[in-house]
Amino acid sequence: MELNQLRQKVISFRDERDWGKFNTVKNLAIAIGVEAAELNELFLWKSDDEVHELLQSESHRSQVADELADVFIYLLAMAEATNLDLADCVVSKLEKNASKYPIDEFRGSSRKYNVAP
């Protein structure tokens with residue numbers, strides 16, 4: 001399914017329930033943060049090995065999938081509320097990051113662009 005189709009499904013779901021009045025930019029931004037925190041909670045205090053092991057469990061994978069979906073649903077709703085095309089936002093940000101993080105300078109490095117090597 002394409003991004004715009006997903007966006008329309010989210011908006012239709014919202015509108016069928018008359019929830020649009022609650023979808024203010026502020027509320028959606030907060031909701032994204034809350035749902036991202038719920039995703040983070042699934043991994044809190046676990047080692048990389050423990051995370052790998054948990055992701056072998058269908059139950060845990062299902063929880064991760066639900067939280068990822070919640071974050072994405074609110075992202076799509078916020079894109080609608082701000083009249084921004086999420087795909088365009090991603091492409092634009094990747095272009096900005098490409099200029100901040102040239103391949104020859106940052107390949108294999110996790111350092112931030114404004115920190116000397």
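In which hand does α2 pass α4 in their crossing? The model in front of you is predicted, and in it the crossing of α2 past α4 is left-handed. Let's look at how these two helices sit together. The axis of α2, which covers residues 25-41, comes within 9 Å of the axis of α4, and the two cross at roughly 165°. Angles over 145 degrees count as roughly antiparallel, so that is the description that fits α2 and α4.

Now follow the contact between them. On the α2 side you will find residues including Val25, Leu28, Ala29, Ile32 and Leu39, while α4 contributes, among them, Val64, Leu68, Val71, Tyr74, Leu75 and Met78. By type, the residues of this contact of α2 with α4 divide into 15 nonpolar, 4 charged and 1 polar.

Val64 makes a good stopping point along helix α4. Its relative accessibility is 11%, and because buried means under 20%, Val64 counts as buried. Beyond its neighbours within four places in sequence, Val64 touches Leu39, Leu42, Phe43 and Leu55. Pro102, by comparison, lies 38 residues from Val64 in sequence, with 32 Å between their C-alpha atoms.

From here, turn to the largest nonpolar core, whose 7 residues are Val10, Ile11, Leu28, Leu76, Ala77, Ala79 and Leu86. At least two of these core residues come from α1 (3-16), and at least two from α4 (58-82). The largest share, 3 residues, belongs to α4. In soluble globular proteins, nonpolar side chains tend to be buried together. One member of this core, Ala79, is in contact with Arg7, Leu84 and Leu86, leaving aside neighbours within four places in sequence.

Note on methods: Residues are numbered from 1 along each chain as its sequence is written. This is a predicted model: local features need pLDDT of at least 70, side-chain atom pairs count only at pLDDT 80 or more; totals for chains, interfaces and linings use all residues. Side-chain values use heavy atoms; hydrogens and water are left out. A nonpolar core is a set of buried Ala, Val, Leu, Ile, Met, Phe, Trp, Tyr and Cys residues joined through side-chain atoms within 4.5 Å. Buried means under 20% relative accessible area, exposed over 50%, partly exposed in between (1.4 Å probe, protein chains only). Helices (H or I, at least four residues) and strands (E, at least two) are DSSP runs, numbered from the N terminus. Contact means heavy atoms within 4.5 Å. Axes are lines fitted to C-alpha atoms, for helices over the stretch in contact, and angles run from 0 to 180 degrees between N-to-C directions. Angles under 35 degrees count as roughly parallel, over 145 as roughly antiparallel, 65 to 115 as roughly perpendicular and the rest as oblique. A crossing is left-handed if the near helix is turned anticlockwise from the far one by less than a right angle, and right-handed if clockwise. Ala, Val, Leu, Ile, Met, Phe, Trp, Tyr, Cys and Pro count as nonpolar, Asp, Glu, Lys and Arg as charged, and the others, Gly among them, as polar.
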